[in-house]
Amino acid sequence: MYSPPRNIRAVALLFILSSLSGTAAFPQSVKFIRRAADPLPLANMPLGRAPCARDSGSAVLAPYAATPSTGDVNSRCDTPLANVPSANPCKPSSPAQTGCNAPRDMVQEELASMGKPGQKILRARERVLEILQTGNPCSAWFREKDSNPAATFRTLSFTVDRKGEEFVLESRNPGDMSIFRNPYVARVFQADGSYATITINLKGAFFSPMARVVEVQKGGGPWSLLGSRVLGVGPYQGDSMHAQILALLHEFGHLVDLLPTDEGDQDGKSVQNTNEVLRFCRAEVESKARRGAFSAAR
């Protein structure tokens, strides 16, 4: 049990006697009690809510922050504090990006781990993104099918076909004209769209400037090696930045269904599609390729 101190009992008795005498002694009694019974266990507790005043100097807690209007630093203010969230500098809409961690580019990280082939794809990918995310005839052409071609292209992944075609096939038609069929450069599924995969042939013109030629016999006889032949993508030599940028733009054209399918290059459709890409993108392909060569030289 809790027992009050002895001096409090004496004060209480004196208070009763004063009340019986008929005098209005409440004010003096209260003062006397506070002096005689100091300190009471609850003597320093505020009897009501502390008056509060707005603190106009606080930018974080405004407009709901409040501080005691008295000079007592230990007084409490019963007005609830509401934190106003500050602007997030890392939001895409915010111009201030200092100190923010850029979102991870998983495709970029994967390509960086693939050795030299991955590095070549990565450099060409960066140039294509520069083309697609700026205003130019090439990006405008892709926007006919995709309102944000750069965003779609950024989602694409890449794989290297290390067991792909490696020979240039030479055959002769009835008119004794030689026809050459180069190893495929890259392939995708038509109109596959976002998050598709571009497969690139390690032995094709994306990575190789030349390939061996074999003669294909009409009757299905054994192949005969006939030396080597220069590879290219459109007018550009294989394993060049021009060829690599053009190859990726060509495949992206299939992914957004801007170019018709040209599997197997039947009737020269692949060449026709490459020429169509060049019609809109040649200036940007060559501009970005020169910029990449300059950056590498530095």
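How many bridges join β6 to β7, and in which sense do these strands run? Two bridges join them, and the two strands are antiparallel. The model discussed here is a predicted one. Within the β6–β7 pairing, Arg 187 has Thr 199 of β7 as its bridge partner.

These strands belong to an open sheet of three strands with mixed pairing, in the order β3-β7-β6. Strands β3 (157–161) and β6 are at the edges with a single partner strand each, so one side of each lacks a neighbour in the sheet. The loop between β6 and β7 contains Tyr 195. Tyr 195 is not a glycine, yet its phi is positive, at about 60°. Its relative accessibility is 66%, and exposed means over 50%, so Tyr 195 counts as exposed.

A further open sheet has four strands, ordered β5-β4-β8-β9, and its pairing is also described as mixed. Its edge strands are β5 (178–181) and β9 (224–230), each of which pairs on one side only. On average, neighbouring strands in this sheet are turned by 30° against each other, with direction ignored. In general, the strands of a sheet pair through backbone hydrogen bonds, either parallel or antiparallel.

The pairings can be followed across the sheet from β5. Strand β4 (residues 167–172) is joined to β5 by four bridges, and the two run antiparallel. Four bridges also join β4 to strand β8 (residues 210–215), but here the strands run parallel. Leu 169 takes part in both pairings: its bridge partner in β5 is Arg 181, while in β8 it stands opposite Val 214. The next step, from β8 to β9, is antiparallel and covers five bridges. In that pairing, Glu 215 is opposite Ser 224 of β9. One contact of another kind involves Arg 229, which lies over the face of Phe 180 at 3.9 Å from the ring centre.

The aromatic residues give another view of the structure. Seven aromatic pairs are found in a search of the whole structure. In one of them, the ring centres of Phe 153 and Phe 158 are 6.4 Å apart and the planes are at 65°, so this pair is edge-to-face. The cut-off that decides this is an angle over 60 degrees between the planes. Phe 153 has a relative accessible area of 0% and is buried; Phe 158, with 5%, is buried as well.

Phe 153 also forms an edge-to-face pair with Phe 252, at 5.3 Å centre to centre and with 85° between the planes. This pair links distant parts of the chain, as Phe 153 is in helix α6 (residues 149–154) and Phe 252 is in helix α7 (residues 241–255), 99 residues apart. Both Phe 153 and Phe 252 are buried. Ring pairs link these residues into a cluster made up of Trp 141, Phe 142, Phe 153, Phe 158, Phe 252 and Phe 280.

Helix α7 has a part in the largest pocket too. This pocket holds about 1,200 Å³ of space. It is lined by 36 residues, of which Tyr 184, Val 185, Asp 262, Asp 265 and Ser 270 are the closest to its centre. At least two lining residues come from each of β5, β6 (186–187), β7 (197–201), β9, β10 (232–233), α7 and α8 (269–297). The element that gives the most is α7, with five residues. Among the contributors are β5 and β9, the edge strands of the four-stranded sheet. Strands β6 and β7 contribute as well, and they are part of the three-stranded sheet.

The loop between β11 (236–237) and α7 holds Asp 239. Its phi is near 65°, a positive value in a residue other than glycine. Asp 239 has a relative accessible area of 29% and is partly exposed.

A last residue to locate is Lys 116, in helix α4 (residues 115–132). With a relative accessible area of 63%, Lys 116 is exposed. Lys 116 and Phe 207 are 91 residues apart in sequence, and their C-alpha atoms are 9.8 Å apart in space.

Conventions:
Residues are numbered from 1 along each chain as its sequence is written. This is a predicted model: local features need pLDDT of at least 70, side-chain atom pairs count only at pLDDT 80 or more; totals for chains, interfaces and linings use all residues. Side-chain values use heavy atoms; hydrogens and water are left out. Two strands pair if DSSP finds at least two bridges between them. Axes are lines fitted to C-alpha atoms, for helices over the stretch in contact, and angles run from 0 to 180 degrees between N-to-C directions. Rings of Phe, Tyr and Trp (its six-membered ring) pair if their centres lie within 6.5 Å; planes under 30 degrees apart count as stacked, over 60 as edge-to-face and the rest as tilted. Buried means under 20% relative accessible area, exposed over 50%, partly exposed in between (1.4 Å probe, protein chains only). A charge sits over a ring if NZ of Lys or CZ of Arg is within 6 Å of the ring centre and within 35 degrees of the ring normal. On a 1 Å grid over the protein atoms alone, a cavity is a set of points where a 1.4 Å probe fits but cannot get out, and a pocket is an open set with protein on both sides within 12 Å along at least five of seven lines; lining residues have an atom within 4 Å of a point. Grid points are joined across faces, edges and corners, and a volume is the space filled by probe spheres set on the points.
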